[in-house]
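Good morning, colleagues. I should like to introduce a structure that is new to this group. Please look at the overall fold before we turn to the details.

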Amino acid sequence: MSFTAKITADITKFEQNIDKAIDSTNRLEKTVLAKLSNMGDSFVNAGKKASVLSAALVAAGSKAFMMAADFEDAIGATGQIFGENADIVKGWADTLGTEYGIAKKEALEYSNLMGSMLINIGKLTEEQAARQSAKLIELAGDLTAMYGGRTQDAIRALTGALKGNNTMLDNYGMAVNDALIKTKAFEMGLSDGTGELSLQAKQAATLALIYEQ
């Protein structure tokens, strides 16, 4: 082999090795970049997950705070409505079983609503209203167990009846209408059978029919 040929062959071999080295470098660069990209995505995803978790924790904390505030509001309203008899309602709410399907805060809120109507419309004393509202909420639980649905819906039906709207009582097998209310009021000595019934007489007669049925 001539000297020139040998030099040419060596140069060709050197160029081939250089090409291999460049190719290897390119593959390494791609691999490293891909890994760095994956790591970046992981950090981004981790950041997103951390942000979502932080938001969830903040939301949960805010909800817990609001629930606590609502509960305190319910406690305060109970004191205003039932006065010195508020402990009757609070003690009842503390012992209300889970089978009734309502939380303590809800029990107090419903009792407060019913108690207000029993006092303002029915002219019951605070103690009578406290005990009567508790009985009605427990009755709502019994109606739910018998007819299905939610305790909250049964409570709304009973609350509506205290205001003179008896239509929802049909869902619980109760026949309570104006004619029956007038008859019951007369039987209870709340009416002479003529003229319009007072709101107080209507509520008392309605309650009597509800408990009978």
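By helices and strands I mean DSSP runs, of at least four residues for a helix and at least two for a strand, numbered from the N terminus. On that basis, the elements of this protein run α-α-α-α-α-α-α from the N terminus on. In other words, there are seven helices and zero strands. Please bear in mind that this is a predicted model.

Of the 213 residues in the protein, buried ones make up 30%. Among contacts between residues at least 6 apart in sequence, 59% join residues at least 24 apart.

Let us turn to the interior. The largest nonpolar core has 43 residues, and those with the most contacts inside it are Trp92, Ile102, Leu136, Leu158 and Leu169. Several elements give two or more residues to this core, among them helix 1 (3-82), helix 2 (86-95) and helix 7 (199-212). Which element gives the most to this core? Helix 4 does, with eight residues.

Helix 4 therefore merits attention. Its 22 residues, 126-147, should span 32 Å at 1.5 Å a residue, and because the end C-alpha atoms lie 31 Å apart, the model agrees with that expectation. Its buried residues include Ala134, Leu136, Ile137 and Leu143. After helix 4 comes Gly148, with a positive phi near 85°.

Finally, consider Trp92. Apart from its neighbours within four places in sequence, Trp92 is in contact with Ala107, Ser111, Ala134, Ile137 and Glu138. Two of these partners, Ala134 and Ile137, are among the buried residues of helix 4.

Key
Residues numbered from 1 in each chain as written. Predicted model: local features only at pLDDT ≥ 70, side-chain atom pairs only at ≥ 80, totals over all residues. Heavy atoms only, no water. Expected span 1.5 Å × (residues − 1). Buried < 20%, exposed > 50% of the residue type's maximum accessible area, 1.4 Å probe, protein only. Core = buried A, V, L, I, M, F, W, Y, C linked by side-chain atoms within 4.5 Å. Contact = heavy atoms within 4.5 Å.
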